[in-house]
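Grab a pencil and open the viewer. Here are some exercises to work through, each with a solution you can follow step by step.

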Amino acid sequence: MDEHNIILGIDPGTTIMGFGLIKTTNREMRLIQLHELQLKKYDNHFLKLQKIFNRTIEIIDEFHPDEIAIEAPFFGKNVQSMLKLGRAQGVSIAAALNSKIPITEYSPKKIKMAITGNGNSSKEQVAKMLKSMLKIKELPKNLDSTDGLAAAVCHFFNFQNEKQKKKYSGWSSFIDKNPDKII
């Protein structure tokens, strides 16, 4: 029986928030949608947070993701920017928790490493790799939605690796889990 899973990836932001959704079936993944929430026009930071929360809930209600992957805020020099970014991430996490969906957080470096093999890749390099992987016809102008998509794809790769790893506490554990290997 095929195992289906929908993963919502989120790139938090208070200017542009990116969302990407993939559907996975066993070892295959397919793009469902890319979303961007434009927040530039709002001056009030708390109104932006409300918009982020509401849009995240709308996406959850529309697509019913099984899991959510979110990019962790990066450590920058501007403390105020980091604080705002952390709030945006927190509001998205609250929306997911409100819907009882498991959340996994990934650092920007880990996401880039999962997609391109280089933790220092640019947004453009990540987007081009995703375009190739998921057969995206045209990339969006802003790459925030592909950053959200990258979080979802990173989560899929991480999950696949965890499923493939078998953990053994010793030889007896190995034999118990692999009786077909005994001659």
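**Exercise 1.** Work out how much space lies in the largest pocket of this predicted model, and which residues line it.

*Solution.*
- Step 1: start with the volume. The largest pocket holds about 350 Å³ of space.
- Step 2: look at the walls. The lining is made of 19 residues, and Asp11, Pro12, Glu71, Phe74 and Lys123 lie nearest the centre.
- Step 3: ask which elements give two or more residues to this lining. They are helix H3 (108–116), helix H4 (123–134) and helix H5 (144–164).
- Step 4: sort the lining by class. You get 10 nonpolar, 3 polar and 6 charged residues.

**Exercise 2.** Put the strands of the sheet in order and find the ones at the edges.

*Solution.*
- Step 1: read across the sheet. It is open, with 5 strands in the order S3-S2-S1-S4-S5, and the pairing is mixed.
- Step 2: check the ends. Strand S3 (28–38) and strand S5 (103–106) each have a single partner strand, so one side of each is left without a neighbour in the sheet.
- Step 3: check the twist. Ignoring direction, neighbouring strands are turned by 20° against each other on average.
- Step 4: zoom in on one pair. Strand S1 (residues 4–11) and strand S2 (residues 16–25) run antiparallel, joined by 8 bridges. Leu8, for instance, has Leu21 in S2 as its bridge partner.

**Exercise 3.** Describe what helix H2 packs against.

*Solution.*
- Step 1: try the sheet. H2 packs on it, touching S1, S2, strand S4 (67–71) and S5, and its direction makes about 175° with that of S4.
- Step 2: try the helices. H1 (residues 45–63) packs with H2 (residues 79–98) at about 35°, with the axes 9 Å apart. The crossing is right-handed.
- Step 3: find the contact residues. H1 brings, among others, Leu49, Ile52 and Phe53, while the H2 side includes Ala88, Val91 and Ala95.
- Step 4: sort this contact by class. Its residues divide into 10 nonpolar, 4 polar and 2 charged.

Note on methods:
Residues numbered from 1 in each chain as written. Predicted model: local features only at pLDDT ≥ 70, side-chain atom pairs only at ≥ 80, totals over all residues. Heavy atoms only, no water. 1 Å grid on protein atoms, 1.4 Å probe; cavity = no way out; pocket = protein on both sides within 12 Å on 5 of 7 lines; lining within 4 Å. Points joined across faces, edges and corners; volume = space filled by probe spheres on them. Helix = DSSP H or I, 4+ residues; strand = E, 2+ residues; numbered from the N terminus. Nonpolar A, V, L, I, M, F, W, Y, C, P; charged D, E, K, R; others polar. Axes fitted to C-alpha atoms, helices over the stretch in contact; angles between N-to-C directions. Left-handed = near helix turned anticlockwise from the far one by under 90°. Contact = heavy atoms within 4.5 Å. Pairing = 2+ DSSP bridges.
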